Amino acid sequence: FARLAAALGHAEWLERPEFSGMKARVANVGLLNSLIGDVLSGQTVDHWSAKLVEADILHAPVRNYSQCM
């Protein structure tokens, strides 16, 4: 989680009690997903893919049917 938060430009998430450990993150998954979604929507897939590669975070883009054809 620390590497993801840093890669997304939000290392301060580590200081939030609702994200302080795995149990806390699971209990607050809706909030966490919303925050991550807000950040990701601000840049392109290529931008975030590069950031995640740089942070050594396993990832893959989700494609729709037309992008696969």
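# Exercises on an all-helix chain

From the N terminus on, the elements of the protein chain run α-α-α-α-α. The model is a predicted one, so please keep that in mind while you work through the exercises.**Exercise 1. Describe the overall build of the chain: how many helices and strands are there, and what box do the C-alpha atoms fill?**

Step 1. Start with the secondary structure: the protein chain has five helices and zero strands.

Step 2. Turn to the dimensions. Along the principal axes, the C-alpha atoms fill a box of roughly 45 × 25 × 20 Å.

Step 3. Add the surface. About 5,100 Å² of the protein chain is accessible, and carbon and sulfur atoms hold 58% of that area. Of the 69 residues, 22% count as buried.

Step 4. Finish with the contacts. Among those with a separation of 6 or more, 40% join residues 24 or more positions apart.

**Exercise 2. Find the residues of the largest nonpolar core, and say which helix gives the most to this core.**

Step 1. List the members: Ala-5, Leu-8, Trp-13, Phe-19, Leu-32, Leu-35, Ile-36, Val-39 and Trp-48, nine residues in all.

Step 2. Look for the main contributor. Helix H3 (residues 29-40) gives the most to this core, with four residues.

Step 3. Recall the general background: nonpolar side chains in soluble globular proteins tend to be buried together.

Step 4. Zoom in on one member. Leaving out residues up to four places away in sequence, Trp-48 touches Ala-7, Leu-8, Val-39, Leu-40 and Gln-43. Two of these partners, Leu-8 and Val-39, are listed in the core as well.

**Exercise 3. Work out the charge picture: how many positive and negative side chains are there, and which residues form a salt bridge?**

Step 1. Count the charges. The protein chain carries 6 positive and 7 negative side chains, and the centres of the two sets lie 7 Å apart.

Step 2. Look for pairs. The structure holds one salt bridge, in which the side chains of Glu-18 and Arg-16 meet at 2.6 Å, N to O. Arg-16 is partly exposed, with a relative accessible area of 26%.

Step 3. Now take Arg-25, whose place is in helix H2 (residues 22-27). Arg-25 is buried yet has no salt bridge. Its nearest side chain of opposite charge is Glu-18, 11 Å away.

Step 4. See what surrounds Arg-25. Not counting residues up to four places away in sequence, Arg-25 touches Phe-1, Glu-18, Phe-19, Ser-20 and Leu-32. Phe-19 and Leu-32 also appear in the largest nonpolar core.

**Exercise 4. Compare two neighbours in the loop between H4 and H5: are Ala-55 and Asp-56 buried or exposed?**

Step 1. Place them. Ala-55 is in the loop between H4 and H5, and Asp-56 is found in the loop between helix H4 (45-54) and helix H5 (65-68).

Step 2. Check Ala-55. The cut-off for buried is under 20% relative accessible area, so Ala-55, at 19%, counts as buried.

Step 3. Ask what Ala-55 meets. Beyond residues up to four places away in sequence, Ala-55 touches Arg-3 and Ala-7. Ala-55 and Arg-3 are 52 residues apart in sequence, and their C-alpha atoms are 6.4 Å apart in space.

Step 4. Check Asp-56. The cut-off for exposed is over 50%, so Asp-56, at 61% relative accessibility, counts as exposed.

Step 5. Look at the backbone. Asp-56 has a positive phi of about 60 degrees although it is not a glycine. Most residues other than glycine have a negative phi.

**Exercise 5. Locate Leu-14 and name the residues that Leu-14 touches.**

Step 1. Leu-14 lies in the loop between helix H1 (2-7) and H2. At 40% relative accessibility, Leu-14 counts as partly exposed.

Step 2. Not counting residues up to four places away in sequence, Leu-14 touches Phe-1 and Ala-2.

Step 3. Take the distance to one of these partners: the C-alpha atoms of Leu-14 and Phe-1, 13 residues apart along the chain, are separated by 8.1 Å.

Notes:
Residues are numbered from 1 along each chain as its sequence is written. This is a predicted model: local features need pLDDT of at least 70, side-chain atom pairs count only at pLDDT 80 or more; totals for chains, interfaces and linings use all residues. Side-chain values use heavy atoms; hydrogens and water are left out. Buried means under 20% relative accessible area, exposed over 50%, partly exposed in between (1.4 Å probe, protein chains only). Contact means heavy atoms within 4.5 Å. Accessible areas come from the Shrake-Rupley method with a 1.4 Å probe; for residues, only the protein chains shown count as cover. Lys and Arg count as positive and Asp and Glu as negative; His and the chain ends are not counted. The place of a charge is taken as NZ of Lys, CZ of Arg, CG of Asp or CD of Glu. A nonpolar core is a set of buried Ala, Val, Leu, Ile, Met, Phe, Trp, Tyr and Cys residues joined through side-chain atoms within 4.5 Å. A salt bridge is a side-chain nitrogen of Lys or Arg within 4 Å of a carboxyl oxygen of Asp or Glu.
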